Amino acid sequence: MIIAVYPGTFDPITNGHEDLIKRASYIFDQVFIAIAFNKKKQPLFTIEERIEMAEKILAKYKNVRIYSFDGLLKDFVEKHEAKIIIRGLRTFSDFEYECKMASINKQLINNAETIFLTSSDQFKFISSTVVKEIAHLGGNINKFVAPIVEEYFRKKLSTLDIK
C-alpha cells in the first residue's frame with residue numbers, strides 16, 4: 001500500500017487544494033492530509049476549523065484521511081509509514097522553494113520521495129493568502145473555495161468585526 005502525505009496549513013482549504021487531493025487520490029492507495037499548526041504563519045482559522053472544513057469537503061474521497069501535526073514533517077511521515085510527499089506547483093516561482101524543501105526532506109527522510117503535482121489551469125493563481133485577502137476586503141470568494149469555506153469566513157469575519 002502506498003501512502004502519500006499532502007502537508008500544508010490549509011488556511012483555508014481552496015478549490016486548488018481539493019483538485020490536487022482528488023487527483024492524488026486516483027494515484028495513491030491512501031492520501032493523508034497533514035494540516036500543520038504552523039503558528040509562524042498566523043493562521044486565520046484554528047486547527048479545529050481547518051480540520052472540520054477539510055473533513056466536510058474531502059469526505060467524498062474514500063481513501064483520503066485528515067490529520068493535524070505540529071513539528072517536523074519527517075516525524076509525521078515516519079509515524080504513518082508514508083512513502084510519498086505531495087507538493088503542489090502553481091507557478092514557476094513555486095518551483096524553486098519546493099525544490100529546496102524536497103531536498104531538505106530527502107536529507108531528513110531517507111525512504112520517502114517528493115512528488116510534484118502541477119495545478120490545473122483554472123487553479124494556478126488561487127492561494128489561501130489571496131482568498132483571505134479577497135474575503136477581508138469584502139470580495140466574492142465563491143470561485144475559489146467550497147460553499148462550506150464561505151460559511152466559515154462569514155462566521156470568522158463577523159466575530160473579528162471586519163467588514
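This is a walk through the nonpolar cores and aromatic contacts of a predicted model.

Start with the largest nonpolar core. It has 37 residues. I13, I33, L58, I86 and F153 have the most contacts inside it. Strands and helices both feed this core: β1 (3-8), β2 (30-36), β3 (64-69) and β4 (84-89) each give two or more residues, as do α1 (15-27), α2 (47-58), α5 (128-136) and α6 (147-160). Helix α2 supplies the largest share, 6 residues. A second core is separate from this one and has 13 residues, among them V5, F32, A34 and F69.

Now look at F153. Leaving out residues up to four places away in sequence, F153 touches P12, L44, F45, V131, K132, A135 and I141.

Turn next to the rings. The model has 7 aromatic pairs. One of them joins Y6 and F10: the ring centres are 5.2 Å apart and the planes stand at 90°, so this pair is edge-to-face. Buried means under 20% relative accessible area. Y6 is at 6%, so Y6 is buried. F10, at 3%, is buried too.

F45 and F153 also pair. Their centres lie 5.0 Å apart with planes at 85°, so this pair is edge-to-face as well. This contact links distant parts of the chain: F45 sits in the loop between β2 and α2, F153 lies in helix α6, and 108 residues separate them. Both F45 and F153 are buried.

Two more features complete the tour. F32, Y67, F69 and F76 form one aromatic cluster; F32 and F69 also belong to the second core. Finally, the charged end of K155 sits over the ring of Y152, 5.7 Å from the ring centre.

Terms used
Residues numbered from 1 in each chain as written. Predicted model: local features only at pLDDT ≥ 70, side-chain atom pairs only at ≥ 80, totals over all residues. Heavy atoms only, no water. Core = buried A, V, L, I, M, F, W, Y, C linked by side-chain atoms within 4.5 Å. Buried < 20%, exposed > 50% of the residue type's maximum accessible area, 1.4 Å probe, protein only. Helix = DSSP H or I, 4+ residues; strand = E, 2+ residues; numbered from the N terminus. Contact = heavy atoms within 4.5 Å. Phe/Tyr/Trp six-rings, centres within 6.5 Å; stacked < 30°, edge-to-face > 60°. Lys NZ or Arg CZ within 6 Å of the ring centre and 35° of its normal.
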